[in-house]
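Here is a friendly walk through one model, going from a single helix out to the sheets, the cores and the place where two chains meet. Have the viewer ready.

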Amino acid sequence: MEKILIVDDQIITLKMTSHILSAKYETICAMSGAEAIELYQKEKPDMILSDLNMPGMSGFELQNTLQGMYEESIPVMFMTADNSDDTESQGFENGAVDYIRKPFRADVLLRRVEIILDHAKQVQGLKRAAETDPMTGLLNKASSQFEIGKACGKAHGMLMMIDLDSFKLVNDLYGHAMGDKILIRFSEIIRSAVRSQDIVGRMGGDEFVAFCQYVFHEGVVAEKTKYINEELMKSAKEYMGEDMNIPLGASIGAVRVPEEGKDFLTLYQKADKALYTVKQNGKHGFAIYSENALDDETEEVAGTGIKREMSIFKERNRGKGAMNLSNDQFRLIYRFLARAEVNYHRENKIALFTIDSTKEAKDGAEPADVLVELICDSLRSSDVVVKRSKNTVAVILLEASPVDTNMVIDRLITKWNELDNGMTITYEVEQIE
Amino acid sequence: MLTLDVLKEFGANVAEGLERCMDDEEFYLELIPDALDESYYKSIEEAASIKDFKQGFEVAHSLKGILANLALTPILEPVSEITELFRAGTDGDYSKLMEKMWEQRNKLKNMME
């Protein structure tokens, strides 16, 4: 039921107006402008019906004050016993949507209020449509910038850029309908990870933004990142099957407001830098922008030309052993080596290991996870490994002669058997071409 | 006792007043005594005597709204005239209008008892 705030210093008029409107609407009554301002804040009515001439604050002043406070168009209809055309004209200039002369007929008042509320609803609908991303129902890019920009100008908190990792593979492998389903679910998960008063929007594609007021601690961002990643993976497996091996996840770049700025563009650029750091360091995580981190980054990429580019390209935090990659990264390397093979005829091999078991490994891990770990620990840093399904793992062995290949595979199988987990593995090896 | 018939006899436009109260007779009759509150009339009279037209206008304008809503035409007529004179700041003789205002107000008050 729509809510109408009625303002009149005259108790009898107030009672009569409320009596008429309460047949169809929820009414709230105020006897002065000051009381109306207080009630507006608390009740957020759908429209205001105010007397024009009131001691202390006139209807015009009340309307101006509220519009100044809330920066929004509030439907106001004035009631007046005044017959002056000038007053009426001033009211419309002020933004009044309608006038009604006192005394008024009940049916006329009801009809005019109905028209105003219908119109306000239409305007609201159009406004909502213009502000909303139609697929996810979140704010669209322009509205996110506006709303978050406005909030960042006066509130403290954390601005987060949230990126869906490896989303392209969903579209490529499962089709765009599945891609849309994942995006919708991802937006629901983000929405559920923040509070109702936080602002969430879709900036485009698989990139989202959220502003959480009064969030300052790294631990909170870490919890949100964990929650989003867990929920996303659960939903992805539900939609695409347990065998789904796309490394879907969320990476979050965050920036503190107002410490790092108050305007949207500055904050967004900083959050983007933090996000880049996450992407460089294995995805599915978060980073909070800080000036020191930026200094390190700047130092690393200092210089110009090729040195700078190399610095950007270089692998950070390189661990020991083989590279554990996602399917799309693995596929890229495979394709590159296959191209190179045309000209250079290198002994590059691909091996596919299949684990013959229906058992789960310890701690609920899938058998392939255990094998990937074992391979990463056992092979060279120039070798590449990927989990293809819960029972299969693929490996690229660089510059591996048949003898080397056999030795490597024997070693892996021996180590696997030493685990004594009751699962056997078989394998196939082929030259990359 | 106040009834619709009493109001009709007084000269009120009962049909109009009732319509403004969504034909709720009880509600309409409940509001009438408030419109006869002596303090309004005294304030108007005093404002005229000390020539405080601004204050007089505020009160008269307010009372005019009440009387119009309740369709108490016989009192509304003099109060409307007084309101317009106060609005214009007319420094004239208000005695006849005041007399008429009180006369009508008291008449209804007596009819109600």
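The buried residues of H6(A) pack against five elements of chain A, namely strand S6 (157-165), strand S7 (199-204), strand S8 (207-213), strand S9 (249-257) and helix H10 (264-280). Keep in mind that this is a predicted model. The helix itself covers residues 141-154 of chain A. From first C-alpha to last, its 14 residues reach 20 Å, close to the 20 Å expected at 1.5 Å a residue.

Which residues of H6(A) are buried? They are A:Ser144, A:Ile148 and A:Cys152. These three lie on the same side of H6(A) because they cover an arc of only 45 degrees around the axis. The face turned away from that buried side carries the exposed residues A:Ala142, A:Gly153 and A:Lys154.

Two of the strands that H6(A) packs against, S7(A) and S8(A), also belong together. They form a hairpin with 2 residues between them, and in the turn A:Gly205 has a positive phi of about 50 degrees. Elsewhere in chain A there is an open sheet of 5 strands, ordered S11-S13-S14-S12-S15 with mixed pairing. Its edge strands are S11 (323-324) and S15 (424-431), each of which pairs on one side only. Inside that order, strand S13 covers residues 384-387 and strand S14 covers residues 392-397. The table sets the two antiparallel pairs side by side.

| Strand pair | Sense | Bridges |
|---|---|---|
| S7(A) and S8(A) | antiparallel | 5 bridges |
| S13 and S14 of chain A | antiparallel | 4 bridges |

For landmarks within these pairs, A:Val200 stands opposite A:Ala210 in S8(A), and A:Lys387 has A:Val393 in S14(A) as its bridge partner.

Stepping back to the whole of chain A, its secondary structure comes to 15 helices and 15 strands. Of its 433 residues, 35% are buried. Among contacts between residues at least 6 apart in sequence, 64% join residues at least 24 apart.

Now to the cores. The largest nonpolar core has 61 residues, and those touching the most other members are A:Ile4, A:Leu5, B:Ile44, B:Ala60, B:Leu67 and B:Val79. H5(B) gives the largest share of this core, 8 residues. Apart from it lies another core, of 46 residues, which includes A:Ile148, A:Ile228, A:Ile246 and A:Ala271. A:Ile148 is also one of the buried residues of H6(A). Back in the largest core, what does B:Val79 contact beyond its neighbours within four places in sequence? Its partners there are B:Ala60, B:Leu63, B:Lys64, B:Leu67 and B:Met101.

Finally, the meeting of the chains: 17 residues of chain B are in contact with 15 residues of chain A. On the chain B side, the elements giving two or more residues are helix H2 (14-20), helix H3 (25-35) and helix H5 (53-70). The largest share, 8 residues, comes from H5(B). By class, this side has 7 nonpolar, 4 polar and 6 charged residues.

B:Ile66, a residue of helix H5 of chain B, makes a good place to zoom in. Is B:Ile66 buried or exposed? It is buried, because 27 other C-beta atoms lie within 10 Å. Not counting residues up to four places away in sequence, B:Ile66 touches A:Gln10, A:Ile12, A:Thr13 and B:Ala35. Its C-alpha atom is separated by 9.4 Å from that of B:Leu31, 35 residues apart along the chain.

Key
Residues are numbered from 1 along each chain as its sequence is written. Chains are lettered from A and ligands numbered from 1 in the order in which they are written. This is a predicted model: local features need pLDDT of at least 70, side-chain atom pairs count only at pLDDT 80 or more; totals for chains, interfaces and linings use all residues. Two residues are in contact if their C-beta atoms, placed from the backbone, lie within 7 Å. Ala, Val, Leu, Ile, Met, Phe, Trp, Tyr, Cys and Pro count as nonpolar, Asp, Glu, Lys and Arg as charged, and the others, Gly among them, as polar. A residue is buried if 20 or more other C-beta atoms lie within 10 Å of its own, exposed if 12 or fewer, and partly exposed in between; C-beta atoms are placed from the backbone. A nonpolar core is a set of buried Ala, Val, Leu, Ile, Met, Phe, Trp, Tyr and Cys residues joined through C-beta atoms within 7 Å. The expected span of a helix is 1.5 Å times one less than its number of residues. The arc is that of the directions from the helix axis to the C-beta atoms. Two strands pair if DSSP finds at least two bridges between them.
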